[in-house]
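Q: Please take a close look at one part of this structure, and then set that part against the rest of the chain. I am new to it, so please explain each term where it comes up.

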Amino acid sequence: MTLTQLRYLVAIADAGLNITLAAERVHATQPGLSKLLRQLEDELGFQLFHRKGRSLHAITHAGTHVLERARVILAEAANIRSIAANLRNESHGTLRIATTHTQARFALPSAVASLSRSYPQVSVHLQPVSDSDVMSLLEGGQVDLAIVSTAAGAPPPSGIALPAYRWNRIVLVPGNHPLARHKHAPSLQQLAAHPIISYDSSLKPESSLARAFHAANLHPQIAMTASDADLIKTYVREGLGIGVLAEMAFQPELDTDLRELDADQLFEPCTTWIVLRRESVLREYALDFISVFAPHLERRAVSRALANGTAGASWTGVPHWRERKVPHKVAELAVEVE
């Protein structure tokens with residue numbers, strides 16, 4: 001049994017049992033990957049996957065247990081490499097971040113730019129995905145950290161969650177919209193009278209947006225949803241409805257044709273979290289990135305939380321988005337977005 005075989009096994013599972021896709025992700029040939037998988041099954045004495053013809057159909061019961069341990073072994077192998085690289089004071093490598101489109105587009109650029117200036121040999125791989133997929137990528141070991149938001153200050157259920165900042169939703173309307181003429185913040189009743197455009201997650205019953213309207217016994221029309229805040233703004237401009245989205249997605253200097261309406265009292269505030277895998281060893285540049293993105297997260301405390309496998313006591317001084325101090329953006333930055 002080799003680490004390569006285990007890596008291929010995990011790649012197949014994470015590719016939805018698509019061997020061709022798995023081979024591409026691990027830079028191997030499909031026949032080579034299939035051969036090593038067969039060798040591993042021969043050594044273990046049982047099949048790891050159910051097959052239909054030449055295709056993999058499902059993971060076997062035994063395969064599920066092997067896959068779970070394979071992920072642990074590969075994670076520990078990666079930890080050993082990180083320890084060695086830190087001891088050698090290496091300043092090159094890769095930082096893989098899973099997050100949502102809104103965070104990648106509006107919250108992360110300054111911190112990534114700062115990291116690039118400090119570590120020019122570090123490649124940053126952003127994977128903007130839906131809310132539901134962010135944690136799956138982290139738990140599957142495909143990224144080093146996740147940046148995700150939750151409502152009402154509740155941390156994500158898995159991993160070590162470090163609070164980065166708090167934020168509120170806003171309402172965006174075209175400048176000529178009837179709500180734009182109001183001097184006061186709109187009410188839920190006023191919002192419900194118009195079609196609404198918001199994030200995909202707003203369709204879920206547990207969404208704080210959905211809960212707010214439900215508590216007021218209101219049933220607004222969700223005219224459209226999208227995972228990308230820029231798309232939401234585009235269709236607000238086209239008159240499909242009013243936008244309800246994260247406040248960091250509004251850029252007054254660019255969105256001059258849109259009017260921002262205060263919604264602080266209408267919806268629960270949210271918290272954006274940096275989530276790490278338990279028992280993971282981070283590279284020094286990853287710890288520096290966290291310090292830049294969330295300066296109130298003292299570096300030693302983050303390292304202690306990782307060592308203890310828990311975020312420990314509640315963090316104090318978590319800033320609101322409007323209070324954050326972030327590095328100035330640089331003119332040019334090469335960030336690979338997958």
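**One strand pair and its surroundings**

A: Strand S8 (residues 196–199) and S9 run parallel and are joined by four bridges. This is a predicted model, in which local features need pLDDT of at least 70 and side-chain atom pairs count only at pLDDT 80 or more, while totals for chains, interfaces and linings use all residues. Residues are numbered from 1 along each chain as its sequence is written, and side-chain values use heavy atoms, with hydrogens and water left out. Helices (H or I, at least four residues) and strands (E, at least two) are DSSP runs numbered from the N terminus, and two strands are said to pair if DSSP finds at least two bridges between them.

Within this strand pair, Ile222 in S9 is the residue that stands opposite Ile196. Both strands belong to an open sheet of five strands, which has mixed pairing and the order S9-S8-S10-S7-S11. Its edges are S9 and strand S11 (258–262), each of which pairs on one side only. On average, neighbouring strands of this sheet are turned by 30° against each other, direction ignored; the angle is taken between axes that are lines fitted to C-alpha atoms (for helices over the stretch in contact), and angles run from 0 to 180 degrees between N-to-C directions. In a regular strand the side chains alternate between the two faces of the sheet.

Ile196 also leads to a neighbouring helix, since it is among the residues that Leu191 touches. Leu191 lies in helix H8 (residues 188–192), and it counts as buried because its relative accessibility is 0%. Here buried means under 20% relative accessible area, exposed over 50%, and partly exposed in between, with a 1.4 Å probe and protein chains only. Not counting residues up to four places away in sequence, Leu191 touches Val171, Leu179, Pro186, Ile196, Phe213, Ile242, Leu266 and Phe267, where a contact means heavy atoms within 4.5 Å. One of these partners, Leu179, is twelve residues from Leu191 in sequence, and their C-alpha atoms are 8.7 Å apart in space.

S9 can also be approached from the other side, through the loop that runs between H9 and strand S9 (222–226), which is the place of Asn217. Asn217 is not a glycine, yet its phi is positive, at about 55°. With a relative accessible area of 60%, Asn217 is exposed.

H9 leads on to a pocket. Rolling a probe the size of a water molecule over the atoms shows where empty space is left. On a 1 Å grid over the protein atoms alone, a cavity is a set of points where a 1.4 Å probe fits but cannot get out, whereas a pocket is an open set with protein on both sides within 12 Å along at least five of seven lines, and lining residues have an atom within 4 Å of a point. Grid points are joined across faces, edges and corners, and a volume is the space filled by probe spheres set on the points. The second largest pocket has a volume of about 860 Å³. Its lining consists of 32 residues, and Asp131, Val148, Ser149, Thr150 and Ser201 lie nearest its centre. Helix H5 (101–107), H7, strand S5 (145–151) and helix H9 (208–215) each give two or more residues to this lining, and S5 gives the most, with five. By class, the lining has 14 nonpolar, twelve polar and six charged residues; Ala, Val, Leu, Ile, Met, Phe, Trp, Tyr, Cys and Pro count as nonpolar, Asp, Glu, Lys and Arg as charged, and the others, Gly among them, as polar.

For contrast with the parallel pair, consider strand S1 (residues 49–52) and strand S2 (residues 55–59), which pair in the antiparallel sense over four bridges. His50 has Ala58 in S2 as its bridge partner. S1 and S2 form a hairpin with two residues between them, and Gly53 in the turn has a positive phi of about 65°.

The whole protein has twelve helices and 13 strands, and its C-alpha atoms fill a box of roughly 70 × 50 × 40 Å along the principal axes. Of its 338 residues, 45% are buried. Among contacts with a separation of 6 or more, 74% join residues 24 or more positions apart.
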